[in-house]
Amino acid sequence: MANPNHSDKELIDRILNGEQELFAHIVNRYQDRVAAICFKMVKDKNTAEEVGQETFIRLFKSLEQYNFNSTLSTYITRIAINLSLNKLVSIKRRRNRFYEQEDHHNAFESQETSVSKKMEINELVQIALQHLKPESRSVVVLRMIEGYSVKETSSMLGIAEGTVMSKLNRAMKKMKETLNKYTLKDD
Amino acid sequence: MIDLEKMLHAQKQHSEVFSENFTEGVMAKIRALGNQEFRIISLWQHRVWKVAAACFVGCLISLYALDGTLSVDSVLGLSEYSDIEISQSYNTYSAWDLELN
């Protein structure tokens, strides 16, 4: 049995040599990080968990291709963020297929009015995040919450560093507007 | 005044977690995936052998057919009589008929 303190490389080597069950150590080691990403990207608990599971399955399938150029943590984060974006796109597509634009707008309105006056800061930030477009949200989550550098963020999302900066500026501006709207409403 | 950056940094401390049986769920899916992939591979191996055998037989038949040693007659069990021989025997019978008449 492998020691949970074994390095990622040791664990991956043994998994690739057939000790598939050791992958549970990798899941235990990184599930909190994946959860942090998924819950911030996809608000719904069940969907976030589904994306989390898919992240680890995707990692397992691509272990042979992983070349240790980046840390495993960064590699997993990249998978999680991309799967979250894919999920959000498919949810949006499904929603557009079944609901009229007006209904969608009403859903946002009802969400806004259901906000209690004594809202926690955390909830406020969550709502402001959910108001962003998925790609902008991913930039904010990676750069501002998870603390990755602009370079790392651009590499994870496959976009230019300049694009990261411009998306971040726009997203921060929009979040401030949303937060102002809520805090003014509370007063 | 809203300090958004501070609020966002604070989000890192506030993190939600997956359900208790998350790891079990992932491992169950991975085990199922392994079995499924093994089934697909063995199914394809089985099919590949069949396809390869059919191709081999097809090649042999083509070779014989191109060589002229195989004909529709031989396949139907009439290989003893070629078209020429049959037509010749028909002529012979016709000649006999003429002689008899």
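The following dialogue considers how two chains of a predicted model meet, and which salt bridges and cavity the model contains.

Biologist: How many residues does each chain bring to the contact, and how much area do chain A and chain B bury between them?

Modeller: The size of an interface is often given as the accessible area lost when the parts come together. Here chain A and chain B bury about 3000 Å² between them, and 67% of it lies on carbon and sulfur atoms. Within chain A, the three residues A:Glu49, A:Gln53 and A:Met144 supply 17% of the area that this chain buries against chain B, more than any other three residues. The contact itself takes 39 residues from chain A and 24 residues from chain B.

Biologist: Which polar and charged links cross the interface of chain A and chain B?

Modeller: Side chains of opposite charge can pair when their charged atoms come close. Between chain A and chain B the count is two salt bridges. A:Lys43 and B:Glu16 meet through their side chains in a salt bridge, at 3.8 Å from N to O. Seven residue pairs are in polar contact across the interface.

Biologist: Which elements of chain A give two or more residues to the side that touches chain B?

Modeller: These are helices H2 (23-41), H3 (45-61), H6 (121-130), H7 (134-145) and H9 (161-186) of chain A. H2(A) provides the largest share, 13 residues. By class, this side of chain A has 20 nonpolar, nine polar and 10 charged residues.

Biologist: How many cavities of 30 Å³ or more are counted, and which residues line the largest cavity?

Modeller: Rolling a probe the size of a water molecule over the atoms shows where empty space is left. The count here is one cavity of 30 Å³ or more, and the largest cavity has a volume of about 30 Å³. From chain A, the lining includes A:Phe39, A:Lys40, A:Asn122 and A:Gln126; from chain B, it includes B:Gln11, B:His14, B:Ser15 and B:Glu16. H2 and H6 of chain A each supply at least two residues of this lining. Its residues divide into one nonpolar, five polar and two charged. B:Glu16, one of the lining residues, also takes part in the salt bridge with A:Lys43.

Biologist: How many salt bridges does the structure hold over all chains, and how far apart along helix H1 are A:Asp13 and A:Lys9?

Modeller: There are nine salt bridges over all chains. One of them joins the side chains of A:Asp13 and A:Lys9, at 3.3 Å from N to O. These two residues are separated by about one helical turn, because they lie four residues apart in helix H1 (residues 8-16) of chain A.

Technical notes. Residues are numbered from 1 along each chain as its sequence is written. Chains are lettered from A and ligands numbered from 1 in the order in which they are written. This is a predicted model: local features need pLDDT of at least 70, side-chain atom pairs count only at pLDDT 80 or more; totals for chains, interfaces and linings use all residues. Side-chain values use heavy atoms; hydrogens and water are left out. Contact means heavy atoms within 4.5 Å. Buried area is the accessible area (1.4 Å probe) that two parts lose on being put together, summed over both. A salt bridge is a side-chain nitrogen of Lys or Arg within 4 Å of a carboxyl oxygen of Asp or Glu. A polar contact is a pair of N or O atoms within 3.5 Å; within protein, one must be able to donate a hydrogen and the other to accept it, and residues adjacent in sequence count only if both atoms are side-chain atoms. Ala, Val, Leu, Ile, Met, Phe, Trp, Tyr, Cys and Pro count as nonpolar, Asp, Glu, Lys and Arg as charged, and the others, Gly among them, as polar. On a 1 Å grid over the protein atoms alone, a cavity is a set of points where a 1.4 Å probe fits but cannot get out, and a pocket is an open set with protein on both sides within 12 Å along at least five of seven lines; lining residues have an atom within 4 Å of a point. Grid points are joined across faces, edges and corners, and a volume is the space filled by probe spheres set on the points.
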